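Got the viewer open? Let's walk through this one a selection at a time.

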Amino acid sequence: MYKNAIQKKPISKKTEKFLYSIGITDITEADNISLSSLKHNLLHGELEKIIYELIPLECLHHPEGEIFIYDIPMTKRLLHVLANHDVYYLSSLSKYNLKEILQFRNLGSNTFQELKKICEEYNIPLPT
């Protein structure tokens, strides 16, 4: 039953096994997965790959009012910089101070300017 239900959607074997491991045997049951539940059950490198597969299926649940980085048009570089620092929602930037953000690996001046512009656009204050 699991394989037939899950094969209706294009996902990898790894994602299929992961969903099965958290009790989802039919992709239609996966309409309310929270990012925090994924983060607790996956290694960082696996998380991003599975997020990319689940986004088109519209099954990730986001907290009310949160701005998910994968929903914002941005360069892949900035997306990876943020994800590598567990910033999946723009509001998560507040756990860092500005000096720490400026030291994010691969966050050069152009990418920082892009981040600054996105934060301004979504009314998210950058930490000081």
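Start by selecting K39: with a relative accessibility of 34%, this residue falls between the 20% and 50% cut-offs, so K39 counts as partly exposed. Keep in mind as you go that you're looking at a predicted model. K39 sits in helix α3, which covers residues 35-41.

Now show what K39 touches. Skip the neighbours within four places in sequence, and you'll find K39 in contact with L47, D86 and Y88. Pick D86 from that set: 47 residues separate K39 and D86 along the chain, yet their C-alpha atoms are 9.1 Å apart. While you're on D86, check its backbone: D86 comes just after α5 and has a positive phi of about 55°.

Y88 is worth a click too. In the largest nonpolar core, a set of 38 residues, Y88 is among those with the most contacts, along with L38, I51 and I69. Colour the elements that put two or more residues into this core: α2 (13-21), α3, α4 (44-54), α5 (76-84) and α7 (109-121). Which of them gives the most? That's α5, with five residues.

Stay on α5 and select L78, L79, V81, L82 and A83, which are buried.

Last stop: E114, in helix α7. Beyond its neighbours within four places in sequence, E114 is in contact with M74, T75 and L78. So where is the nearest side chain of opposite charge to E114? Look for R77, 7.7 Å away; E114 is buried but has no salt bridge.

Methods
Residues numbered from 1 in each chain as written. Predicted model: local features only at pLDDT ≥ 70, side-chain atom pairs only at ≥ 80, totals over all residues. Heavy atoms only, no water. Helix = DSSP H or I, 4+ residues; strand = E, 2+ residues; numbered from the N terminus. Buried < 20%, exposed > 50% of the residue type's maximum accessible area, 1.4 Å probe, protein only. Contact = heavy atoms within 4.5 Å. Core = buried A, V, L, I, M, F, W, Y, C linked by side-chain atoms within 4.5 Å. Lys, Arg positive; Asp, Glu negative; His and termini not counted. Salt bridge = Lys/Arg side-chain N within 4 Å of Asp/Glu carboxyl O.
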